[in-house]
Amino acid sequence: MSTAPFRWRGLKFFAIITATYALAYVYDQHTALAALQTSGTILHKVLPIIAIVIGATAIINRMVQPRKIIRHLGKESGAKGWVIALSAGVISHGPMYLWYPMIEDLRQHGVRDALLVAFFYSRAIKLPLLPLMIDYFGWAFTAILTIYILIAAVIQGWILEKVWR
Amino acid sequence: MAASVQNNKPVSQAPSFLSALKRSALSFAAILPMLFGVIGLVGLFQTMVSPRMLASVFQGNPFIDTFIGTLSGSAALGNPVVSYLLGGELLAQGISMYAVSAFMLAWVTLGFTQLPIEMEALGHRFTLYRNILAFFSTMVVAVLTTLTVGLFP
């Protein structure tokens, strides 16, 4: 297991957003405070997901050996790799950015980039929200969109690998 | 890397759960400035952009609106439920299904606001390719979905 030295990432980006808030506060105190409150609410909501992602990453590192990851999700993984990537995308919860550290970790263990692209796109299917989508847009729309998302996820991964070469 | 020898074959040793948990927590802690930045940006967006403001950017041409829907969905970030509600509201305001589908799909698959964090974690090249592919796929999926749904009575 590699042990890279700890360093904060994205300090410049954080400084830019902090400066934007400071600027917004100067021009419109009410909006800036409302935005800060909204951000606080979002942070509160994502805390449990952060815990899940940290736990899942630790379990993967503890239980799954790199050679197993390569066998199931590496270059020779075949159809099984696609099924795992799509299924993982569909069942994964929370904002995409919370999954980046885990994906980075899996990538370092040899997971195919094509499968990661498919994983990211299949996250568009939100199982718990399907009833709401059906209620809003109908059965036909929801079913057809879901099928096209899965097809598009695989095509994107396939294209990425062709372009990569 | 720690390794033990069993039957004359080197076997990689898995880290203890505690050290794996520590490593996982540290790699997450490292991106906290980026995470706070993205969440701050989402807060600003959700506060400053109203559904009416969003509806005003659409032109009335289904295909141009598909592009605008993808672009505006990419700029937005938040719970997917919000995208459904906004999508329903946009439909009620006469925005085409092409644009609304593209908007909702881009909302969950793309994210201009989270590009810095994605680049930091997965590299500039991967991020660029993934987002370009997802952008065009979103427009194609939105158009195909609307056309296919139109075939049903």
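This briefing walks through a predicted model with two chains, A and B. Chain A is built from 8 helices and 0 strands, while chain B has 8 helices and 2 strands. The two chains meet across a contact that takes in 58 residues of chain B and 57 residues of chain A. There is also a nonpolar core of 78 residues, the largest one in the model.

**Chain A**

- Going along the sequence, chain A reads α-α-α-α-α-α-α-α. Its radius of gyration is 19 Å, and the globule rule gives 15 Å for 165 residues, so chain A is more spread out than a compact globule.
- If you lay the C-alpha trace of chain A along its principal axes, it spans about 55 × 50 × 30 Å.
- Of the 165 residues in chain A, 36% are buried.
- Take the contacts in chain A with a separation of 6 or more: 81% of them are between residues 24 or more positions apart.

**The two domains of chain A**

- The domain assignment splits chain A into domain 1 (10–63) and domain 2 (66–165).
- Taken over C-alpha atoms, the centres of these two domains of chain A are 25 Å apart. Where they touch, domain 1 of chain A supplies 6 residues and domain 2 of chain A supplies 8 residues.
- On the domain 1 side of that contact in chain A, you'll find 5 nonpolar residues, 1 polar residue and no charged ones.

**Chain B**

- Starting from the N terminus, the elements of chain B go β-β-α-α-α-α-α-α-α-α. The radius of gyration here is 21 Å, well over the 15 Å that the globule rule gives for 153 residues, so chain B is also more spread out than a compact globule.
- The box filled by the C-alpha atoms of chain B is roughly 70 × 35 × 25 Å along the principal axes.
- Buried residues come to 44% of the 153 residues of chain B.
- Looking at contacts in chain B between residues at least 6 apart in sequence, 76% join residues at least 24 apart.
- For a sense of distance inside chain B, try B:Phe36 and B:Ala102: they are 66 residues apart along the chain, and their C-alpha atoms are separated by 28 Å.

**Where the chains meet**

- Six helices of chain B each give two or more residues to the side that touches chain A: H1 (17–30), H2 (32–48), H5 (80–92), H6 (97–109), H7 (115–122) and H8 (124–151). The largest share of that side, 15 residues, comes from H2(B).
- By class, the side of chain B that touches chain A is made up of 38 nonpolar, 16 polar and 4 charged residues.
- For a single spot to look at, pick A:Ile42, which lies in helix H2 (residues 29–63) of chain A. Leaving aside its neighbours within four places in sequence, A:Ile42 is in contact with B:Ile39, B:Val42 and B:Gly43.
- A:Ile42 has 20 C-beta neighbours inside 10 Å, and 20 or more is what it takes, so A:Ile42 counts as buried.
- B:Phe36 lies in helix H2 of chain B. With 17 other C-beta atoms within 10 Å, B:Phe36 is partly exposed.

**Helix H8 of chain B**

- H8(B) has 28 residues, which at 1.5 Å a residue should span 40 Å; the end C-alpha atoms of H8(B) are 41 Å apart, which agrees.
- Among the buried residues of H8(B) are B:Arg130, B:Asn131, B:Leu133, B:Ala134, B:Met139 and B:Val141.
- The cover over the buried residues of H8(B) comes from both chains, including helix H6 (113–122) and helix H8 (139–164) of chain A, plus helix H4 (62–75) and H6 of chain B.

**The largest nonpolar core**

- Within this core of 78 residues, those with the most contacts inside it are A:Leu115, A:Ala118, A:Tyr121 and A:Ile149. The largest share of the core, 11 residues, comes from H6(B).
- The core also draws at least three residues from each of domain 1 (10–63) and domain 2 (66–165) of chain A.
- Not counting residues up to four places away in sequence, A:Leu115 touches A:Leu73, A:Gly81, A:Trp82, A:Ala85 and A:Gly157.

Terms used:
Residues are numbered from 1 along each chain as its sequence is written. Chains are lettered from A and ligands numbered from 1 in the order in which they are written. This is a predicted model: local features need pLDDT of at least 70, side-chain atom pairs count only at pLDDT 80 or more; totals for chains, interfaces and linings use all residues. Two residues are in contact if their C-beta atoms, placed from the backbone, lie within 7 Å. Helices (H or I, at least four residues) and strands (E, at least two) are DSSP runs, numbered from the N terminus. Ala, Val, Leu, Ile, Met, Phe, Trp, Tyr, Cys and Pro count as nonpolar, Asp, Glu, Lys and Arg as charged, and the others, Gly among them, as polar. The radius of gyration is taken over C-alpha atoms; the globule rule is 2.2 Å times the number of residues to the power 0.38. A residue is buried if 20 or more other C-beta atoms lie within 10 Å of its own, exposed if 12 or fewer, and partly exposed in between; C-beta atoms are placed from the backbone. The expected span of a helix is 1.5 Å times one less than its number of residues. Domain bounds come from an automatic or database domain assignment. A nonpolar core is a set of buried Ala, Val, Leu, Ile, Met, Phe, Trp, Tyr and Cys residues joined through C-beta atoms within 7 Å.
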